[in-house]
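Colleague: Thanks for making time to go through this one with me. Could you show me the model, so that we can talk about how its chains and side chains are arranged?

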6 protein chains.
Amino acid sequence: MQTKLPQDTFIVMSELVLPNDTNTLGNLMGGRLMHWMDIAAAIASQKHCNCPVVTASVDNVSFAQPIKLGNLLTIEAKLTRSFNTSMEVYLRVWGEDLSAQYKYLSNEAYMTFVALDPHGRPRKVPELIPETESEQKMYDGALRRRQLRLILGGKMKAEDAGELRALFIKE
Amino acid sequence: MQTKLPQDTFIVMSELVLPNDTNTLGNLMGGRLMHWMDIAAAIASQKHCNCPVVTASVDNVSFAQPIKLGNLLTIEAKLTRSFNTSMEVYLRVWGEDLSAQYKYLSNEAYMTFVALDPHGRPRKVPELIPETESEQKMYDGALRRRQLRLILGGKMKAEDAGELRALFIKE
Amino acid sequence: MQTKLPQDTFIVMSELVLPNDTNTLGNLMGGRLMHWMDIAAAIASQKHCNCPVVTASVDNVSFAQPIKLGNLLTIEAKLTRSFNTSMEVYLRVWGEDLSAQYKYLSNEAYMTFVALDPHGRPRKVPELIPETESEQKMYDGALRRRQLRLILGGKMKAEDAGELRALFIKE
Amino acid sequence: MQTKLPQDTFIVMSELVLPNDTNTLGNLMGGRLMHWMDIAAAIASQKHCNCPVVTASVDNVSFAQPIKLGNLLTIEAKLTRSFNTSMEVYLRVWGEDLSAQYKYLSNEAYMTFVALDPHGRPRKVPELIPETESEQKMYDGALRRRQLRLILGGKMKAEDAGELRALFIKE
Amino acid sequence: MQTKLPQDTFIVMSELVLPNDTNTLGNLMGGRLMHWMDIAAAIASQKHCNCPVVTASVDNVSFAQPIKLGNLLTIEAKLTRSFNTSMEVYLRVWGEDLSAQYKYLSNEAYMTFVALDPHGRPRKVPELIPETESEQKMYDGALRRRQLRLILGGKMKAEDAGELRALFIKE
Amino acid sequence: MQTKLPQDTFIVMSELVLPNDTNTLGNLMGGRLMHWMDIAAAIASQKHCNCPVVTASVDNVSFAQPIKLGNLLTIEAKLTRSFNTSMEVYLRVWGEDLSAQYKYLSNEAYMTFVALDPHGRPRKVPELIPETESEQKMYDGALRRRQLRLILGGKMKAEDAGELRALFIKE
């Protein structure tokens, strides 16, 4: 199975925020944004494993700045690390008021996808080899984020999460 | 400002999973589900504060069981705790194959919303008073989840998160 | 074949009225509302027969109060009576302005669904046993409404509709 | 105020039945069809009164033949009679399998709309003058259907509905 | 294979322009209009060949007058000529402000469709026989437009396009 | 008014082809594709003029290869030349079967947009300066394509279109 590079999985999605995407204050609804982010991340995952995928989890997402009606939405997605049958994707989302020439970071997120065989069962995915320094950093952090997911999902005890524990105890 | 009970904010949403909501394997796309969850949680928040709201954050969500095309989707949302200008909502999502009479828990999640005044600025929300034992437990856990959000959002240092720290250090 | 209770078929649907659902005066379009009501009633029917269903008829519906953009829409649906292969569903629809804390009944309706076997042909459905007084009243009225449907559909002569005739002739 | 002819209000709508419009058996959902019928009838009403309109009521509708995925849907709508501030519209709906060259009547319906002034209050509409024999027959029947609507809506007593009573009592 | 007349393929589509169809100035987006035109033209083609079709090309389209939110959109489509396996459709689009009683031509277009057999390969279509003078003129022009398509698509040399050349050289 | 480079206007859009976007053969409908292309081109235009825009025309488009359900759609758009108040955009569209690792060019197109002031009237746009050789070639061809648009729209006589005439007469 051939290894891949993060840039092989890179994907850009552009959307205009339309009336039905917004609440009564003219702000993009958080759930509509997550819908688009999920599609972008699914594409990045499929570019890595070349097979169908299913969303396994979404990490904590904070919505710092609301995105306005009529603004341009840009989502960038790229794999950070592949595990046995799962892949972690890092996403960044910008809003942009093209008339005012004002572009702003809206939020960042990590999503995890599982690769599926034709019967819908998890299947092995290729290894991802980080190239740049920032990709290496993302790659290293993926293990810590994975431990947090397992703890929050009740599948790991906090005291066994060595990588994550270091965050809380400065020894 | 009048206090409220969790049950005042309780909301049930039912949807049928249609073709455009699913991927090529006939599973509900994770992002479409989060779109519905966001609307359900926004309604629960609006029932509490009686004003417009905006999604502030979504906590880690794991998708345990895929929901199938044609299945019934049920989302229940209820406030767990209100802070100064924000509200935490707890959601549970079920899928149900009505022909097979098989109902299954798909996932649980916590979302946080901020109440807005007519100028789009955060405004104070009523206090929430838990009634039942499980509501009290949710209420207590809200503080710990809030600390985790602040740490993950880079707004709090891990060593200052007293409540959360206890999870990692059995002293 | 197991009998069922009306409450086994009870379903609540909640929706926010979005821009594309409304006309140029900001009122929910009647047809969009009937679309949602049809889905809610189909779910109630499927909970009763545990098989695919198809809309057979919609009784007279009056739209008393328009539902406004941004309002919460709540639809409740419950079976009133099952016939050989068909089921009558009673629906109530409310609008609610969550900021103004004003909830209003929009309309009521009866819809009839036919249960289908895997080849798309009508199939027998379980018996429905009313429990409460109001369920019994709904159950009794179902026969009269059925006669009216058959007359209006040209499948029964008015003079043969004994139950219905009593409405017009006080003997 | 200028009188109008039924043909001035005539409208044809054509739609292809797409996947999201159908249930799991590939039949057009009844509610989706009523959504389209409502839009067609609203257009016919607006052609008559040249002002915004709102759906007031939908008469009993029976769905005789399911319309299939990929079929052509044709809706014809035309005013039958105008009252003081309301208009009755008659609709006919056909399905058509273009490959099999098979066209079938799906259903007929009557819908009533109210004309609105810019403040959203009912306003007077022009008189409708029937031309053909079938238009005259529709025009005459409109009074009887109106009485039925008022009785079913609880706004008229059955014994006062002279026109309608004749249906039930062959004197 | 039976010949057909242009009027056998005639189709009218009516739509109301809703919020999500418009840009921030309240004008119907060009792409949304082309989406509807494509469906109308596909129906006209299917009425001719009675089989599935696929869009082969769209000729130059100019959008003369923007169509406004809330306006009625009317699309008329009719075949002009059939070739071996393809069909040319002529479309006219009107906008109409029903309150202001103002109807305006928005644009005209020619689209070409290819008929497909059940395996998705091109198949022969019936001959189209023009009846009226304007249909004959459309029929004659179809050859010239076809040459232009082939040149613009790089499949014909300009000097071989006899019919079209006459446009540029008044000899 | 500041000049701009073609790369300042470059935009990538990625979409997954969902069931409702396809016809009964599972091919992306031509009109749905043009809808997405129009949005991509509108974004490229807005990046150039930083103001609202409206679609003025779409040049001949040929659909060479159908794009399949579940495939990834990629649209790239970039300005080729700006005129007084209008801008020409060049688009390329690819389909991609991510499982089969097969990417194919679907079609190319030119669209023209007009920049609008806040009153909806045409306004002057910045000059576009081509950088690369291929951008220069696109820039030069824009004049010839503009003449063809004017002739096809009936706003220029063929014999006055000097640039275009050369295509037909090898002198």
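Colleague: How far apart are the nearest C-alpha atoms of chain C and chain F?

Modeller: Happy to help, and do keep in mind that this is a predicted model. Chain C and chain F do not touch. Their nearest C-alpha atoms are 18 Å apart.

Colleague: By what turn can chain B be laid on chain A?

Modeller: The superposition gives an RMSD of 0.0 Å, with a shift of 0.0 Å along the axis. The two copies are thus related as by a two-fold rotation axis. The turn that lays chain B on chain A is 180°.

Colleague: And which kind of axis relates chain F to chain D?

Modeller: Here too we can superpose the copies, with an RMSD of 0.0 Å and a shift of 0.0 Å along the axis. The turn is 120°. That is the relation of a three-fold axis.

Colleague: Let's turn to side chains. Which residue of chain D does Lys78(D) meet in a salt bridge?

Modeller: Lys78(D) lies in strand S4 (residues 72-82) of chain D, and its partner is 57 residues away in helix H2 (residues 133-152). The N to O distance is 3.0 Å. The partner is Glu135(D).

Colleague: Is Glu88(D), the salt-bridge partner of Arg149(D), buried or exposed?

Modeller: Arg149(D) and Glu88(D) meet at 2.5 Å, N to O, and Arg149(D) is buried at 10% relative accessibility. Buried means under 20% relative accessible area. Glu88(D) has 0% relative accessibility, so Glu88(D) counts as buried.

Key: Residues are numbered from 1 along each chain as its sequence is written. Chains are lettered from A and ligands numbered from 1 in the order in which they are written. This is a predicted model: local features need pLDDT of at least 70, side-chain atom pairs count only at pLDDT 80 or more; totals for chains, interfaces and linings use all residues. Side-chain values use heavy atoms; hydrogens and water are left out. Copies are superposed by least squares on the C-alpha atoms of residues with pLDDT of at least 70 in both. Contact means heavy atoms within 4.5 Å. A salt bridge is a side-chain nitrogen of Lys or Arg within 4 Å of a carboxyl oxygen of Asp or Glu. Helices (H or I, at least four residues) and strands (E, at least two) are DSSP runs, numbered from the N terminus. Buried means under 20% relative accessible area, exposed over 50%, partly exposed in between (1.4 Å probe, protein chains only).
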